[in-house]
Amino acid sequence: MKIVLLNLILHTAEKGVIPRHESNHDCMIYNMARGFVANGHDVTVIAVKEYRPIKPETNSFKVIYFSSGIKSIFKPHLLPFPKGLYRYLKHNSDDIDLIISSEVFSIGSLIASFALPSKLMIWHELSAHQKLMKHIPSRIWYNFVAPIFFRNIPVTCRSEQAKVFLKKYLSRVSDDVVDHGANSEIFRPSLHNMPDDKFIVISQLISRKRVDCIIRKFAKFVKIPHYAHYSLEIVGKGTQEKELQQLVEELGIKNNVNFHGFLSHEKLAPLSTKSKALLVFTEQDLNMVSIPESIVNGTPVITNSVPNTATFIAKHNLGIVNDYWGEEELAHLADNYDTYHNNCLAIRSRLTETGCAKKLVEIWKCGFSQ
(Lines give C-alpha, C1' and ligand atoms only; values in the text may rest on other atoms or scores of the structure.)
Protein backbone atom coordinates (compact mmCIF):
# COMPACT_ATOMS: atom_id res chain seq x y z
CA MET A 1 0.00 0.00 0.00
CA LYS A 2 0.97 3.62 -0.54
CA ILE A 3 0.58 5.23 2.87
CA VAL A 4 0.78 8.86 3.96
CA LEU A 5 1.62 9.48 7.63
CA LEU A 6 0.27 12.93 8.41
CA ASN A 7 2.07 13.95 11.60
CA LEU A 8 2.62 17.70 11.50
CA ILE A 9 4.38 18.04 14.90
CA LEU A 10 7.52 15.92 15.23
CA HIS A 11 8.85 17.01 18.64
CA THR A 12 7.41 18.35 21.88
CA ALA A 13 7.88 22.10 22.33
CA GLU A 14 8.45 23.52 25.80
CA LYS A 15 6.96 26.97 26.43
CA GLY A 16 6.31 27.42 22.72
CA VAL A 17 9.91 26.82 21.65
CA ILE A 18 10.23 24.20 18.91
CA PRO A 19 13.51 22.27 19.33
CA ARG A 20 15.78 22.07 16.30
CA HIS A 21 17.47 18.71 15.82
CA GLU A 22 20.32 17.79 13.52
CA SER A 23 18.24 14.79 12.52
CA ASN A 24 14.70 13.56 13.09
CA HIS A 25 15.91 9.99 12.87
CA ASP A 26 14.79 9.07 16.39
CA CYS A 27 11.39 10.75 16.42
CA MET A 28 8.27 8.61 16.88
CA ILE A 29 6.73 8.96 13.42
CA TYR A 30 10.05 8.11 11.71
CA ASN A 31 10.12 4.85 13.68
CA MET A 32 6.56 4.12 12.60
CA ALA A 33 7.42 4.95 8.98
CA ARG A 34 10.26 2.43 9.10
CA GLY A 35 7.81 -0.12 10.46
CA PHE A 36 5.45 0.36 7.52
CA VAL A 37 8.37 0.18 5.07
CA ALA A 38 9.62 -3.04 6.70
CA ASN A 39 6.14 -4.48 6.19
CA GLY A 40 6.36 -3.76 2.46
CA HIS A 41 4.56 -0.41 2.16
CA ASP A 42 5.52 2.77 0.31
CA VAL A 43 5.50 5.60 2.86
CA THR A 44 5.42 9.40 2.85
CA VAL A 45 5.68 11.39 6.08
CA ILE A 46 4.20 14.90 6.15
CA ALA A 47 5.13 17.55 8.74
CA VAL A 48 5.50 21.35 8.84
CA LYS A 49 8.75 23.15 8.05
CA GLU A 50 9.42 24.26 11.62
CA TYR A 51 10.47 20.66 12.33
CA ARG A 52 12.81 20.29 9.37
CA PRO A 53 16.17 18.93 10.64
CA ILE A 54 19.35 20.98 10.47
CA LYS A 55 21.22 18.40 8.38
CA PRO A 56 20.02 16.55 5.26
CA GLU A 57 18.64 13.08 5.91
CA THR A 58 18.60 9.77 4.09
CA ASN A 59 15.53 7.67 4.82
CA SER A 60 13.78 4.61 3.43
CA PHE A 61 10.66 6.78 3.07
CA LYS A 62 9.81 10.20 1.68
CA VAL A 63 9.41 13.24 3.94
CA ILE A 64 7.59 16.43 2.91
CA TYR A 65 7.60 19.62 4.98
CA PHE A 66 4.79 22.10 4.33
CA SER A 67 4.94 25.78 5.25
CA SER A 68 2.81 26.83 8.21
CA GLY A 69 0.06 29.36 7.55
CA ILE A 70 -1.62 31.98 9.74
CA LYS A 71 0.91 31.44 12.53
CA SER A 72 -0.62 34.09 14.76
CA ILE A 73 -3.67 31.85 15.18
CA PHE A 74 -2.45 28.38 14.24
CA LYS A 75 0.71 28.11 16.32
CA PRO A 76 3.14 25.61 14.70
CA HIS A 77 3.90 24.00 18.06
CA LEU A 78 0.21 23.52 18.93
CA LEU A 79 -2.11 23.46 15.92
CA PRO A 80 -0.16 24.01 12.69
CA PHE A 81 -1.90 24.91 9.42
CA PRO A 82 -0.06 23.16 6.54
CA LYS A 83 -0.40 25.39 3.48
CA GLY A 84 -0.85 23.42 0.27
CA LEU A 85 -1.78 20.13 1.93
CA TYR A 86 -5.27 19.95 0.38
CA ARG A 87 -3.88 20.55 -3.10
CA TYR A 88 -1.16 17.94 -2.58
CA LEU A 89 -3.59 15.25 -1.43
CA LYS A 90 -6.05 15.89 -4.27
CA HIS A 91 -3.30 16.01 -6.89
CA ASN A 92 -1.77 12.71 -5.65
CA SER A 93 -5.03 10.92 -4.83
CA ASP A 94 -4.36 8.09 -7.29
CA ASP A 95 -1.02 7.38 -5.57
CA ILE A 96 -2.45 7.25 -2.04
CA ASP A 97 -4.15 4.16 -0.61
CA LEU A 98 -4.32 5.25 3.02
CA ILE A 99 -3.74 8.41 5.06
CA ILE A 100 -3.03 7.91 8.76
CA SER A 101 -3.36 11.31 10.41
CA SER A 102 -2.34 12.10 13.97
CA GLU A 103 -5.10 13.44 16.21
CA VAL A 104 -8.75 14.38 15.81
CA PHE A 105 -8.02 17.92 17.01
CA SER A 106 -5.78 18.73 14.04
CA ILE A 107 -6.02 21.05 11.04
CA GLY A 108 -4.18 18.39 9.05
CA SER A 109 -6.84 15.79 9.86
CA LEU A 110 -9.59 18.25 8.95
CA ILE A 111 -7.97 19.05 5.59
CA ALA A 112 -7.53 15.34 4.84
CA SER A 113 -11.21 14.75 5.64
CA PHE A 114 -12.12 17.26 2.91
CA ALA A 115 -9.57 16.02 0.38
CA LEU A 116 -9.71 12.21 0.65
CA PRO A 117 -12.23 11.14 3.31
CA SER A 118 -12.56 7.58 1.99
CA LYS A 119 -8.82 7.01 2.43
CA LEU A 120 -8.41 8.58 5.86
CA MET A 121 -7.94 6.97 9.27
CA ILE A 122 -7.07 9.03 12.36
CA TRP A 123 -4.58 7.73 14.92
CA HIS A 124 -5.48 9.54 18.12
CA GLU A 125 -3.48 10.10 21.34
CA LEU A 126 -5.16 12.82 23.42
CA SER A 127 -7.29 11.54 26.29
CA ALA A 128 -8.62 14.84 27.65
CA HIS A 129 -9.42 18.36 26.49
CA GLN A 130 -6.43 20.64 25.86
CA LYS A 131 -6.02 23.23 28.59
CA LEU A 132 -5.50 26.13 26.17
CA MET A 133 -7.98 28.99 26.79
CA LYS A 134 -9.78 27.06 29.55
CA HIS A 135 -10.57 24.11 27.22
CA ILE A 136 -12.89 26.25 25.08
CA PRO A 137 -11.30 25.61 21.61
CA SER A 138 -11.02 21.88 22.40
CA ARG A 139 -14.62 21.59 23.55
CA ILE A 140 -15.87 23.41 20.45
CA TRP A 141 -13.82 21.11 18.21
CA TYR A 142 -14.91 17.82 19.79
CA ASN A 143 -18.56 18.81 20.27
CA PHE A 144 -19.18 20.51 16.92
CA VAL A 145 -16.33 20.15 14.38
CA ALA A 146 -15.53 16.46 14.94
CA PRO A 147 -19.12 15.10 14.88
CA ILE A 148 -19.79 16.94 11.60
CA PHE A 149 -16.58 16.43 9.63
CA PHE A 150 -15.26 13.19 11.17
CA ARG A 151 -18.61 11.43 11.52
CA ASN A 152 -17.66 8.73 8.99
CA ILE A 153 -13.89 8.78 9.53
CA PRO A 154 -12.50 5.74 11.39
CA VAL A 155 -10.31 6.40 14.41
CA THR A 156 -7.82 4.16 16.19
CA CYS A 157 -6.62 5.33 19.60
CA ARG A 158 -3.22 4.97 21.20
CA SER A 159 -4.49 4.15 24.70
CA GLU A 160 -7.56 2.91 26.52
CA GLN A 161 -7.95 6.37 28.09
CA ALA A 162 -7.97 8.05 24.68
CA LYS A 163 -10.55 5.53 23.44
CA VAL A 164 -12.90 6.20 26.35
CA PHE A 165 -12.53 9.96 25.84
CA LEU A 166 -13.12 9.90 22.09
CA LYS A 167 -16.14 7.59 22.16
CA LYS A 168 -18.04 10.42 23.85
CA TYR A 169 -17.87 12.34 20.57
CA LEU A 170 -17.41 9.88 17.68
CA SER A 171 -18.91 6.49 16.82
CA ARG A 172 -16.34 5.01 14.44
CA VAL A 173 -13.70 4.40 17.10
CA SER A 174 -11.92 1.04 16.95
CA ASP A 175 -12.00 -1.18 20.03
CA ASP A 176 -8.34 -1.99 19.34
CA VAL A 177 -5.60 0.24 20.73
CA VAL A 178 -2.26 0.82 18.98
CA ASP A 179 0.57 2.57 20.85
CA HIS A 180 3.70 4.20 19.45
CA GLY A 181 5.99 1.60 17.92
CA ALA A 182 9.60 1.31 19.10
CA ASN A 183 12.49 0.67 16.74
CA SER A 184 13.03 -3.08 17.10
CA GLU A 185 16.34 -2.97 15.21
CA ILE A 186 17.83 -0.77 17.94
CA PHE A 187 15.77 -1.62 21.01
CA ARG A 188 16.22 -5.32 21.54
CA PRO A 189 16.82 -7.25 24.76
CA SER A 190 19.95 -9.11 25.66
CA LEU A 191 19.03 -12.78 25.83
CA HIS A 192 22.22 -13.88 27.59
CA ASN A 193 23.60 -11.11 29.81
CA MET A 194 22.02 -10.05 33.09
CA PRO A 195 21.49 -6.31 33.62
CA ASP A 196 23.73 -4.26 35.86
CA ASP A 197 22.54 -3.02 39.24
CA LYS A 198 21.23 0.27 37.90
CA PHE A 199 18.05 2.13 37.03
CA ILE A 200 17.55 4.57 34.18
CA VAL A 201 15.69 7.84 33.62
CA ILE A 202 15.07 8.95 30.02
CA SER A 203 13.53 12.40 30.08
CA GLN A 204 13.75 16.07 29.37
CA LEU A 205 15.18 17.65 32.48
CA ILE A 206 12.28 20.04 33.05
CA SER A 207 10.01 20.66 36.00
CA ARG A 208 6.92 18.68 34.92
CA LYS A 209 8.97 15.50 34.51
CA ARG A 210 9.77 15.57 38.26
CA VAL A 211 13.18 14.01 37.89
CA ASP A 212 13.98 15.66 41.22
CA CYS A 213 11.42 13.39 42.90
CA ILE A 214 12.99 10.33 41.26
CA ILE A 215 16.43 11.36 42.54
CA ARG A 216 15.09 11.77 46.09
CA LYS A 217 13.41 8.35 45.96
CA PHE A 218 16.60 6.78 44.64
CA ALA A 219 18.62 8.44 47.42
CA LYS A 220 16.44 6.69 50.01
CA PHE A 221 16.84 3.41 48.12
CA VAL A 222 20.66 3.45 48.15
CA LYS A 223 20.66 4.17 51.88
CA ILE A 224 19.49 0.58 52.30
CA PRO A 225 22.83 -1.28 52.74
CA HIS A 226 21.94 -4.12 50.36
CA TYR A 227 21.37 -1.65 47.50
CA ALA A 228 24.03 0.96 48.31
CA HIS A 229 26.03 0.09 45.18
CA TYR A 230 23.18 0.72 42.71
CA SER A 231 23.48 3.56 40.18
CA LEU A 232 20.97 5.87 38.51
CA GLU A 233 21.60 6.72 34.85
CA ILE A 234 19.94 9.98 33.78
CA VAL A 235 19.61 10.51 30.03
CA GLY A 236 18.37 13.85 28.69
CA LYS A 237 18.93 17.57 28.76
CA GLY A 238 16.89 20.52 29.93
CA THR A 239 16.70 23.68 31.97
CA GLN A 240 16.90 21.81 35.29
CA GLU A 241 20.12 19.96 34.55
CA LYS A 242 22.40 22.01 36.84
CA GLU A 243 19.73 22.14 39.55
CA LEU A 244 19.42 18.35 39.49
CA GLN A 245 23.19 17.89 39.58
CA GLN A 246 23.31 20.13 42.63
CA LEU A 247 20.52 18.09 44.28
CA VAL A 248 22.54 14.91 43.73
CA GLU A 249 25.50 16.48 45.52
CA GLU A 250 23.34 17.74 48.39
CA LEU A 251 21.90 14.24 48.89
CA GLY A 252 25.40 12.75 48.99
CA ILE A 253 24.83 10.32 46.12
CA LYS A 254 27.16 11.82 43.51
CA ASN A 255 28.97 8.50 43.12
CA ASN A 256 25.67 6.73 42.43
CA VAL A 257 24.24 9.04 39.75
CA ASN A 258 25.48 9.61 36.20
CA PHE A 259 24.23 12.38 33.90
CA HIS A 260 24.64 11.39 30.25
CA GLY A 261 22.99 14.34 28.49
CA PHE A 262 21.18 13.66 25.22
CA LEU A 263 21.96 10.29 23.65
CA SER A 264 21.03 8.94 20.24
CA HIS A 265 18.96 5.77 20.23
CA GLU A 266 22.03 3.76 19.23
CA LYS A 267 23.80 4.82 22.44
CA LEU A 268 20.70 4.86 24.61
CA ALA A 269 19.43 1.35 23.84
CA PRO A 270 22.40 -0.60 25.31
CA LEU A 271 22.27 1.52 28.48
CA SER A 272 18.56 0.78 28.82
CA THR A 273 19.08 -2.94 28.23
CA LYS A 274 21.61 -3.08 31.08
CA SER A 275 19.21 -1.34 33.51
CA LYS A 276 16.79 -3.04 35.90
CA ALA A 277 13.98 -0.57 35.14
CA LEU A 278 12.97 2.72 33.56
CA LEU A 279 11.79 5.20 36.22
CA VAL A 280 8.93 7.65 35.55
CA PHE A 281 7.26 10.16 37.89
CA THR A 282 5.84 12.72 35.47
CA GLU A 283 3.17 15.31 36.27
CA GLN A 284 1.83 15.58 32.72
CA ASP A 285 2.31 13.19 29.80
CA LEU A 286 0.23 11.08 27.44
CA ASN A 287 1.94 8.22 25.60
CA MET A 288 5.62 8.55 26.47
CA VAL A 289 7.73 7.08 23.65
CA SER A 290 10.40 6.02 26.15
CA ILE A 291 8.00 3.53 27.77
CA PRO A 292 7.31 1.23 24.77
CA GLU A 293 10.98 1.56 23.80
CA SER A 294 11.93 0.33 27.26
CA ILE A 295 9.49 -2.59 27.17
CA VAL A 296 10.64 -3.61 23.68
CA ASN A 297 14.16 -3.50 25.10
CA GLY A 298 13.12 -5.97 27.80
CA THR A 299 13.44 -3.34 30.52
CA PRO A 300 10.54 -3.11 33.02
CA VAL A 301 9.01 0.22 34.06
CA ILE A 302 8.26 1.79 37.43
CA THR A 303 5.82 4.66 36.96
CA ASN A 304 2.98 6.64 38.45
CA SER A 305 -0.44 6.41 36.81
CA VAL A 306 -0.08 9.64 34.79
CA PRO A 307 1.17 8.20 31.46
CA ASN A 308 -1.60 6.54 29.49
CA THR A 309 0.65 3.52 29.03
CA ALA A 310 0.47 2.89 32.80
CA THR A 311 -2.76 0.94 32.29
CA PHE A 312 -1.02 -1.37 29.80
CA ILE A 313 1.94 -1.85 32.16
CA ALA A 314 -0.31 -2.82 35.05
CA LYS A 315 -2.49 -5.13 32.93
CA HIS A 316 0.47 -7.14 31.63
CA ASN A 317 2.65 -6.88 34.77
CA LEU A 318 5.48 -5.14 32.89
CA GLY A 319 6.65 -3.29 35.97
CA ILE A 320 5.08 -1.39 38.85
CA VAL A 321 2.37 1.30 38.64
CA ASN A 322 2.00 3.23 41.89
CA ASP A 323 1.38 6.94 42.38
CA TYR A 324 3.46 6.80 45.55
CA TRP A 325 6.26 4.49 44.46
CA GLY A 326 9.50 4.77 46.37
CA GLU A 327 12.40 2.78 47.75
CA GLU A 328 10.24 -0.27 48.52
CA GLU A 329 9.12 -0.57 44.89
CA LEU A 330 12.70 -0.10 43.67
CA ALA A 331 13.84 -2.91 45.97
CA HIS A 332 10.96 -5.16 44.93
CA LEU A 333 11.70 -4.78 41.24
CA ALA A 334 15.44 -5.21 41.76
CA ASP A 335 14.76 -8.52 43.52
CA ASN A 336 12.10 -9.69 41.05
CA TYR A 337 13.57 -8.39 37.80
CA ASP A 338 13.39 -11.73 35.99
CA THR A 339 9.60 -11.95 36.27
CA TYR A 340 8.99 -8.47 34.91
CA HIS A 341 11.69 -8.84 32.25
CA ASN A 342 10.13 -12.07 30.94
CA ASN A 343 6.73 -10.37 30.77
CA CYS A 344 8.28 -7.62 28.65
CA LEU A 345 9.74 -10.23 26.30
CA ALA A 346 6.34 -11.90 25.94
CA ILE A 347 4.57 -8.68 24.93
CA ARG A 348 7.29 -6.81 23.01
CA SER A 349 6.13 -7.74 19.49
CA ARG A 350 2.94 -5.73 20.05
CA LEU A 351 4.98 -2.59 20.71
CA THR A 352 7.56 -2.73 17.92
CA GLU A 353 7.33 -0.40 14.95
CA THR A 354 6.56 -3.32 12.63
CA GLY A 355 3.95 -4.78 14.99
CA CYS A 356 2.15 -1.46 15.47
CA ALA A 357 2.28 -0.65 11.75
CA LYS A 358 0.89 -4.08 10.89
CA LYS A 359 -1.93 -3.68 13.41
CA LEU A 360 -2.99 -0.27 12.04
CA VAL A 361 -3.23 -1.69 8.51
CA GLU A 362 -5.15 -4.73 9.77
CA ILE A 363 -7.65 -2.51 11.57
CA TRP A 364 -8.15 -0.51 8.39
CA LYS A 365 -8.56 -3.53 6.15
CA CYS A 366 -10.77 -5.53 8.50
CA GLY A 367 -13.57 -3.08 8.88
CA PHE A 368 -12.76 0.52 8.24
CA SER A 369 -11.90 0.72 4.53
CA GLN A 370 -14.80 1.92 2.43
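The lining of the largest cavity comprises eight nonpolar, two polar and one charged residues. This cavity belongs to a predicted model, and about 60 Å³ of space lies within it. Its wall is formed by Val201, Ile202, Ser203, Lys209, Val211, Ile214, Leu279, Val280, Phe281, Thr282 and Met288. Two elements, β8 (198-202) and α6 (211-222), each give two or more residues to that wall.

**Enclosed and open spaces**

Rolling a probe the size of a water molecule over the atoms shows where empty space is left. How many cavities of 30 Å³ or more does a search of the whole structure find? The search returns two. The second largest cavity holds about 40 Å³ of space. Pro189, Ser190, Asn193, Thr273, Asn297, Gly298, Thr299, Tyr337 and His341 line the second largest cavity. By class, these residues divide into two nonpolar, seven polar and no charged.

The second largest pocket has a volume of about 450 Å³. Its lining contains 23 residues, and Val177, Val178, Asp179, Phe312 and Arg350 are the ones that lie nearest the centre. Four elements supply at least two lining residues each: α5 (160-166), β7 (173-177), α10 (310-316) and α13 (353-368). Helix α13 provides the largest share of this lining, with five residues. In terms of class, the pocket lining has five nonpolar, nine polar and nine charged residues.

The table sets out the volumes and the lining classes of these spaces.

| Space | Volume | Nonpolar lining residues | Polar lining residues | Charged lining residues |
|---|---|---|---|---|
| Second largest pocket | about 450 Å³ | five | nine | nine |
| Largest cavity | about 60 Å³ | eight | two | one |
| Second largest cavity | about 40 Å³ | two | seven | no charged |

**The chain as a whole**

The chain has 13 helices and 13 strands. Its radius of gyration is 21 Å, which agrees with the value near 21 Å that a compact globule of 370 residues would have. Along the principal axes, the C-alpha atoms fill a box of roughly 65 × 40 × 40 Å. Of the 370 residues in the chain, 56% are buried. Among contacts with a separation of 6 or more, 67% are between residues 24 or more positions apart. The accessible surface of the chain amounts to about 16,800 Å², and carbon and sulfur atoms account for 52% of that surface.

**Helix α1**

Is helix α1 (residues 28-38) largely enclosed or largely open? Nine of its 11 residues are buried, so the helix is largely enclosed by the rest of the structure. The buried residues of α1 are Met28, Ile29, Tyr30, Asn31, Met32, Ala33, Arg34, Gly35 and Phe36. Just after α1, glycine 40 adopts a positive phi of about 100 degrees.

**Serine 67**

Serine 67 is situated in the loop between β3 (62-66) and α2 (85-91). With a relative accessible area of 27%, serine 67 is partly exposed, because this value falls between the limits of under 20% for buried and over 50% for exposed. Which residues does serine 67 contact, leaving aside its neighbours within four places in sequence? They are Lys49, Phe81, Pro82 and Lys83. Proline 82 is 15 residues from serine 67 in sequence, and the two are 5.8 Å apart in space, C-alpha to C-alpha.

Technical notes. Residues are numbered from 1 along each chain as its sequence is written. This is a predicted model: local features need pLDDT of at least 70, side-chain atom pairs count only at pLDDT 80 or more; totals for chains, interfaces and linings use all residues. Side-chain values use heavy atoms; hydrogens and water are left out. On a 1 Å grid over the protein atoms alone, a cavity is a set of points where a 1.4 Å probe fits but cannot get out, and a pocket is an open set with protein on both sides within 12 Å along at least five of seven lines; lining residues have an atom within 4 Å of a point. Grid points are joined across faces, edges and corners, and a volume is the space filled by probe spheres set on the points. Ala, Val, Leu, Ile, Met, Phe, Trp, Tyr, Cys and Pro count as nonpolar, Asp, Glu, Lys and Arg as charged, and the others, Gly among them, as polar. The radius of gyration is taken over C-alpha atoms; the globule rule is 2.2 Å times the number of residues to the power 0.38. Buried means under 20% relative accessible area, exposed over 50%, partly exposed in between (1.4 Å probe, protein chains only). Contact means heavy atoms within 4.5 Å. Accessible areas come from the Shrake-Rupley method with a 1.4 Å probe; for residues, only the protein chains shown count as cover.
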